[in-house]
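Thanks for making time this morning. I would like to walk you through a few features of one structure, taking burial, packing and the cysteines in turn.

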Amino acid sequence: MGTNVTAVPDAYTFTSAAVPDWLNKGDNAWQMISATLVGLQSVPGLIILYGSIVKKKWAVNSAFMALYAFAAVVLCWVLWAYKMSFGEELLPFWGKAGPALGQDFLISQATLSATLHKYHNGTVETTTAMPYYPTATMVWFQCVFAAITVVLLAGSLLGRMNIRAWMIFVPLWLTLSYTVGAFSLWGGGFLFQWGVIDYSGGYVIHLSSGIAGITAAYWVGPRLKADRERFPPNNVLLMLAGAGLLWMGWAGFNGGDPYSANIDSSMAVLNTNICAATSLLVWTCLDVIVFGKPSVIGAVQGMITGLVCITPGAGLVQGWAAIIMGALSGSVPWFTMMVVHKKWTLLQKIDDTLGVFHTHAVAGFLGGLLTGIFAEPVLSNLFLPVTNSRGGVYGGGMQVLKQIVGAGFVIGWNIVVTSLICVAIRVVVPLRMPEEELLIGDDAAHGEEAYALWGDGEKYDASKHGGMLLEDQMSKVRTSIGATQVV
């Protein structure tokens with residue numbers, strides 16, 4: 001009687017020392033692709049979006065703030081911040097700092113050492129997270145999440161923050177604020193162990209960047225009055241290109257967080273697009289109903305709020321719940337931005353340039369709360385460390401309370417720490433640009449301008465703009481009109 005022998009394809013056999021037994025090539029490939037997609041959301045996605053959604057005189061400065069933040073975070077991340085977020089526990093909300101640069105560490109199997117979860121009696125409920133790829137992949141994947149958080153925060157400060165102050169702010173905020181949220185909710189900290197749900201960063205990234213952004217905006221101060229009153233985008237089409245990169249990149253943002261190319265990552269990607277599309281359509285409909293016409297900027301804001309709202313529960317809710325979350329994310333942040341903001345004196349005094357508080361803090365908190373309501377038990381067991389987790393509609397009322405407490409911690413920590421950072425920085429350098437630089441913009445701050453054009457409300461200067469105009473032609477030169485007009 002013969003024995004059946006299953007042949008293993010050559011591609012799945014041990015081929016070299018670079019392919020250890022624990023390495024899953026598919027998971028590793030998907031994780032690196034996901035990291036690249038998230039990186040593209042910042043570089044060039046948000047660089048393009050920021051550089052084109054602002055007034056022309058701030059295009060270079062806004063784009064550079066995003067570029068600098070991304071680069072600074074990468075270096076800080078591998079030197080000390082990764083292990084503060086995903087290393088061994090130092091405090092219930094913080095990991096031990098240390099470099100992530102050594103060969104032995106980076107080529108070993110990724111291990112999130114603090115994620116071991118136990119029952120109250122001490123027995124193991126969920127084992128330590130050990131994805132089937134090297135630590136180097138995990139370090140880079142989590143790095144691009146940290147980077148985009150700081151880049152999103154910058155959206156509250158465009159058009160007036162001293163670039164030198166920003167250069168100091170980025171590493172300090174990453175170290176003292178982001179790492180705390182990341183460890184507490186993802187790295188095995190106290191909120192992770194308690195069972196607060198944040199699938200892919202609704203709290204760690206969006207709620208924290210929105211709260212930190214508006215807090216920093218308070219300390220930095222407002223833009224010039226003329227800029228606040230008239231701040232037209234200098235290139236709407238490029239803004240849409242940046243927004244498109246942001247939307248498509250979210251497949252890696254939410255699809256990569258199961259740490260595997262599995263069925264849960266597929267659910268996350270589909271739900272992400274369902275919620276984003278619904279939110280965009282609802283926001284646009286509200287613009288038409290209230291203002292009589294659809295706004296392209298409004299559509300982008302609705303897209304972003306949908307992406308943000310689904311993020312804390314992307315792989316944990318059913319498709320119908322994603323539609324409900326999209327409808328609410330397209331209407332609740334719209335209401336806070338268009339109605340509440342105009343009636344609340346405090347919000348009017350704080351100059352949040354791109355409305356990051358509404359699009360990220362409000363939408364992120366909303367998403368976390370709705371995740372606590374709609375988290376489906378079967379899907380939750382595919383991902384969460386606390387078994388039998390479920391949303392309120394499935395009998396898990398306690399989950400809603402956990403989500404509120406988790407949000408409260410993130411909000412409180414970011415208000416206090418961001419304020420302390422800003423107060424400390426202004427002892428060294430001013431947080432806000434001098435008035436003379438604010439009047440000029442990019443040329444004063446960087447000695448560069450986005451477009452080699454003249455006529456944006458300035459007088460013709462032959463030495464600067466080239467060529468010559470006759471005296472009678474000079475009398476016909478007028479300032480520009482339309483989207484680039486300077487008030």
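Before I name any residue, let me fix one term: I will call a residue buried when its relative accessible area is under 20%, with a 1.4 Å probe and only protein chains considered. Please also keep in mind that what you see is a predicted model.

With that cut-off, Ser380 counts as buried, because its relative accessible area is 0%. This serine is found in helix H16, which covers residues 377–381, and, if we leave aside its neighbours within four places in sequence, Ser380 is in contact with Leu316, Ala375 and Ser389.

Let me turn to the nonpolar packing. The largest nonpolar core has 102 residues, and of these Tyr50, Trp77, Trp166, Phe169 and Tyr178 touch the most other members. Taking Trp77 as an example, and not counting residues up to four places away in sequence, we find that it touches Tyr82, Ser85, Phe86, Val139, Gln142, Cys143, Ala146, Leu174 and Tyr178. Apart from the largest core lies another one, of 17 residues, and among them are Ile197, Cys309, Ala321 and Ala322.

That brings me to the cysteines, and to a question some of you may have: how many disulfides does the structure hold? The count is 0. For Cys275, the closest cysteine sulfur is the one in Cys309, and because the two sulfurs are 5.0 Å apart, they are too far for a bond. As for accessibility, Cys275 is buried, with a relative accessible area of 0%, whereas Cys285 is partly exposed, its relative accessible area being 45%.

Technical notes. Residues are numbered from 1 along each chain as its sequence is written. This is a predicted model: local features need pLDDT of at least 70, side-chain atom pairs count only at pLDDT 80 or more; totals for chains, interfaces and linings use all residues. Side-chain values use heavy atoms; hydrogens and water are left out. A nonpolar core is a set of buried Ala, Val, Leu, Ile, Met, Phe, Trp, Tyr and Cys residues joined through side-chain atoms within 4.5 Å. Buried means under 20% relative accessible area, exposed over 50%, partly exposed in between (1.4 Å probe, protein chains only). Contact means heavy atoms within 4.5 Å. A disulfide is a pair of cysteine sulfur atoms within 2.5 Å. Helices (H or I, at least four residues) and strands (E, at least two) are DSSP runs, numbered from the N terminus.
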